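Here is a briefing on one protein model. Look at the sequence and the fold before reading on.

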Amino acid sequence: MLSPKRRSIPVIGAAAASGDPVRLRHAMNQGLNAGLSVSEAKEVLVQLYAYAGFPRSLNALGELMNVVDARRQQGAHDLAGPNPTGPLAQGAELQRIGRENQTRISGRPVDGPVFQFAPVINDYLQAYLFGAIFERDTLSWQDRELATVGILSTMPDVTAQLRSHIAASLRVGLEVEQLRRLAGSLDDAGMSEAGQRVDAAIDWHLAQNASG
């Protein structure tokens, strides 16, 4: 099962990716009430930029800042959480670490026609997403995958990427039942289409695994 705190992570990611400030504020309040630290919530929204772009990430961070300030004024004592550490590496070393992380999460070295057509996009993925972001220790890899699945679930045209991150979630130690609960949390938060996409991606993965 997923704890209430962990269930809040994909919901925050999905609400932020969809650009719905009312739903996002509600998700943030639920997460903070469940014990999510401010630092952890920030990290979900920093990671958001890699999948939904800087504008969504910046807007969502602004919403979080306002939510935290409003809660403080109301007497809430939210956990600040530790400041993130890492990555310490830079340049070619960071690229190497990112490539190794990408391979572990993907289950194999990542290649394909798009990356051959535009190799620089994989350089950026390795250096900035799987290197600079995934090396930060504020969130575990499991929690980062929960956030990523939530984010991707709001986008109807990224089915291949959502399926890939369902597989990655299982690869880093999450269970199918936990991903089903993630889908249910999205539905509970009023994002039923997002929850349906997650369920469909899980079904596809299980069917592929059964036939493989």
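The notes below go from the overall fold to the core and then to single residues.

The model is predicted. The protein has eleven helices and zero strands. Its radius of gyration is 17 Å, which agrees with the value near 17 Å for a compact globule of 212 residues. Of those 212 residues, 43% count as buried.

**Overall fold**

- From the N terminus on, the order of elements reads α-α-α-α-α-α-α-α-α-α-α.
- The C-alpha trace spans about 50 × 40 × 25 Å along the principal axes of the protein.
- Among contacts with a separation of 6 or more, 74% join residues 24 or more positions apart.

**Surface and charge**

- The protein exposes about 10,700 Å². Carbon and sulfur atoms supply 53% of that area.
- The protein carries 20 positive and 22 negative charges. The mean positions of the two sets are 1 Å apart.

**Nonpolar core**

- The largest nonpolar core holds 51 residues. L45, F134, L182, L186 and V198 touch the most other members.
- Helix 1, residues 4-18, gives the most to this core, with seven residues.
- What does V198 touch, not counting residues up to four places away in sequence? Its partners are V149, S153, L162, I166, L179, L182, A183 and L186. Two of these partners, L182 and L186, are also named with V198 among the residues that touch the most other core members.

**S169 and L174**

Contacts in this group and the next two leave aside neighbours within four places in sequence.

- S169 sits in helix 9, which covers residues 159-171. S169 has 0% relative accessibility, so it counts as buried; the cut-off is under 20%.
- The contacts of S169 are E145, V149, L174 and L179. V149 and L179 are also touched by V198.
- L174 is in the loop between helix 9 and helix 10, the latter being residues 176-188. This loop residue is nevertheless buried, because its relative accessibility is 4%.
- L174 is in contact with R6, Q142, E145, L146, S169 and L179. E145 and L179 are also on the contact list of S169.
- From L174 to G81 the C-alpha distance is 23 Å, with their positions 93 residues apart in sequence.

**D143**

- D143 lies in helix 8, residues 141-153.
- Is D143 buried or exposed? Its relative accessible area is 11%, so D143 is buried.
- D143 is in contact with R6 and I9. R6 is also a contact of L174. Both R6 and I9 fall within the residue range 4-18 of helix 1.

**L61 and P82**

- L61 belongs to helix 4, residues 54-73. At 26% relative accessibility, L61 counts as partly exposed, because that class lies between 20% and 50%.
- L61 is in contact with K42 and L45. L45 is one of the core residues that touch the most other members.
- L61 and G81 are 20 residues apart along the chain. Their C-alpha atoms are separated by 16 Å.
- Where is P82? P82 is in the loop between helix 4 and helix 5, the latter being residues 91-106.
- P82 counts as exposed, because its relative accessibility is 64% and the cut-off is over 50%.
- P82 and Q161 are 79 residues apart in sequence. In space they are 31 Å apart, C-alpha to C-alpha.

Note on methods: Residues numbered from 1 in each chain as written. Predicted model: local features only at pLDDT ≥ 70, side-chain atom pairs only at ≥ 80, totals over all residues. Heavy atoms only, no water. Core = buried A, V, L, I, M, F, W, Y, C linked by side-chain atoms within 4.5 Å. Buried < 20%, exposed > 50% of the residue type's maximum accessible area, 1.4 Å probe, protein only. Helix = DSSP H or I, 4+ residues; strand = E, 2+ residues; numbered from the N terminus. Contact = heavy atoms within 4.5 Å. Rg over C-alpha atoms; globule rule 2.2 N^0.38 Å. Areas by Shrake-Rupley, 256 points an atom, 1.4 Å probe, with all protein chains shown as cover. Lys, Arg positive; Asp, Glu negative; His and termini not counted. Charge placed at Lys NZ, Arg CZ, Asp CG, Glu CD.
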